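Trainee: I should be grateful for a close look at a single part of this protein. Please take one hairpin and then set it within the whole.

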Amino acid sequence: MEARYLWPEDYMADPSAHVFGGRLFIYPSHDRESGIPERDNGDHFDMVDYHALEVLPDAAGRLDPMTGKVVDRGVILRLEDVPWAKRQLWDSDVAERNGRYYLVFSAKDASDVFHLGVAVADRPEGPFTAEKEPIAGSYSIDPCLFDDPKSGECFIAFGGLWGGQLQRYRDNAAVHSAEEDTLPDGTRCALEPQDGEPALWPKIARMSADMKSFAEAPRDLVILDENGEPLKAGDHARRFFEASWLHFKDGLYHFTYSTGDTHFICEAVSESVYGPYRYTRRLLEPQVGWTTHHCVSEVDGRWWLFHHDSAPSGGRTWLRSLKVKPLE
Ligand code: FUB
């Protein structure tokens, strides 16, 4: 089945879709034309606010993202209202706890270092109020909040290479500087492991009960190949790059993610939320535009792949459009 463009009215990307109280919300990044030239460090993704979209039920009360009317619930958080953030509101996600809603988002601080922030609302459509500081000990980008049906705990997975700065960190500490990030010709970032070494891993941590901090030090979410070996840094078609997403189905934890420079969405599975995860398959082939980013969400008993591409903007990779299709 052909995918549906969800919101042709504007450029939005990086969807996180959730059903809250029987209503289907999509929390995307809000792309804009800033005029900033395209670079590997992602400067051209210069977003300044977040919106919430809602897919309305049909006359029978059924939620169907392929056919349901989509409405924009408006701005839910602005960059200027985040005390610690200077620029680049990148991917975000929302979770509900005890009747309150927690938006966790990526942004750069005054020193151009990415952190994860929290903003809180009483309703899923916001408005959200940002905490004064980012999550202590947070770094890099692309948070995914996952309600674990087994433990009842909320987990966060995060991380992203190159512009997402994950390559600067080892064991949750910054060990490289921004100056080391990009080669003088600006074409790629250094500091990734050698091709034959284990890849850099996304991070996973349990969230605190108030959803405003990590309850534990983030751990590596390791992905193994068919021989039980950790994927190698040089395995660009399978190694993690960005866009973490977790869902639970048929007794297994499913971790899906983007491979970045090879432009795939891939899947790995595990019996434990912490992993290790076993690589299983590709979920999505390359789309128009450099980035690919998705979520896998269950709506009224059916599974959907929400993602984005840059076809409607004529391939301008920083102006992306939201899509959805059913998942087999
Ligand atoms: O939207 C900015 C960045 O592009 C996201 O954080 C990445 O996942 C990529 O989609």
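Mentor: In the hairpin of β17 and β18, two residues lie between the strands, and Asp250 takes a positive phi near 50 degrees. This conformation, like every value below, is computed from a predicted model. The two arms of the hairpin are β17, residues 242-249, and β18, residues 252-258; they run antiparallel and are joined by six bridges. One pairing can be named: Glu242 of β17 has Ser258 as its bridge partner in β18.

How much of β17 is covered? Six of the eight residues in β17 are buried, so the strand is mostly covered. The cut-off behind that statement is a relative accessible area under 20%. In a regular strand the side chains alternate between the two faces of the sheet.

Two contacts between a charge and a ring may be considered next. The charged end of Arg238 sits over the ring of Tyr279, 5.2 Å from the ring centre. For Arg282, the ring beneath the charged end is that of Phe264, and the distance to its centre is 3.6 Å.

Aromatic rings also pair with one another, and the structure holds 20 such pairs. One of them joins Tyr139 and Tyr169, whose rings are stacked, with 4.2 Å from centre to centre and 20 degrees between the planes. Tyr139 belongs to the loop between β9 (129-130) and β10 (144-147), whereas Tyr169 belongs to strand β12 (residues 169-170); the pair therefore ties together parts that are 30 residues apart in sequence. Both partners lie under the 20% cut-off for burial: Tyr139 is buried at a relative accessible area of 2%, and Tyr169 counts as buried at 11%. Elsewhere, ring pairs link Phe20, Phe25, Tyr27 and Tyr101 into a cluster.

The hairpin is thus to be read against the whole chain. The protein has one helix and 23 strands. Of its 328 residues, 58% are buried. Among contacts with a separation of 6 or more, 54% are between residues 24 or more positions apart. The radius of gyration is 18 Å, which agrees with the value near 20 Å for a compact globule of 328 residues. Along the principal axes, the C-alpha atoms fill a box of roughly 55 × 45 × 40 Å. The exposed surface amounts to about 13000 Å², of which carbon and sulfur atoms supply 49%.

Note on methods. Residues are numbered from 1 along each chain as its sequence is written. This is a predicted model: local features need pLDDT of at least 70, side-chain atom pairs count only at pLDDT 80 or more; totals for chains, interfaces and linings use all residues. Side-chain values use heavy atoms; hydrogens and water are left out. Rings of Phe, Tyr and Trp (its six-membered ring) pair if their centres lie within 6.5 Å; planes under 30 degrees apart count as stacked, over 60 as edge-to-face and the rest as tilted. Helices (H or I, at least four residues) and strands (E, at least two) are DSSP runs, numbered from the N terminus. Buried means under 20% relative accessible area, exposed over 50%, partly exposed in between (1.4 Å probe, protein chains only). A charge sits over a ring if NZ of Lys or CZ of Arg is within 6 Å of the ring centre and within 35 degrees of the ring normal. Two strands pair if DSSP finds at least two bridges between them. The radius of gyration is taken over C-alpha atoms; the globule rule is 2.2 Å times the number of residues to the power 0.38. Contact means heavy atoms within 4.5 Å. Accessible areas come from the Shrake-Rupley method with a 1.4 Å probe; for residues, only the protein chains shown count as cover.
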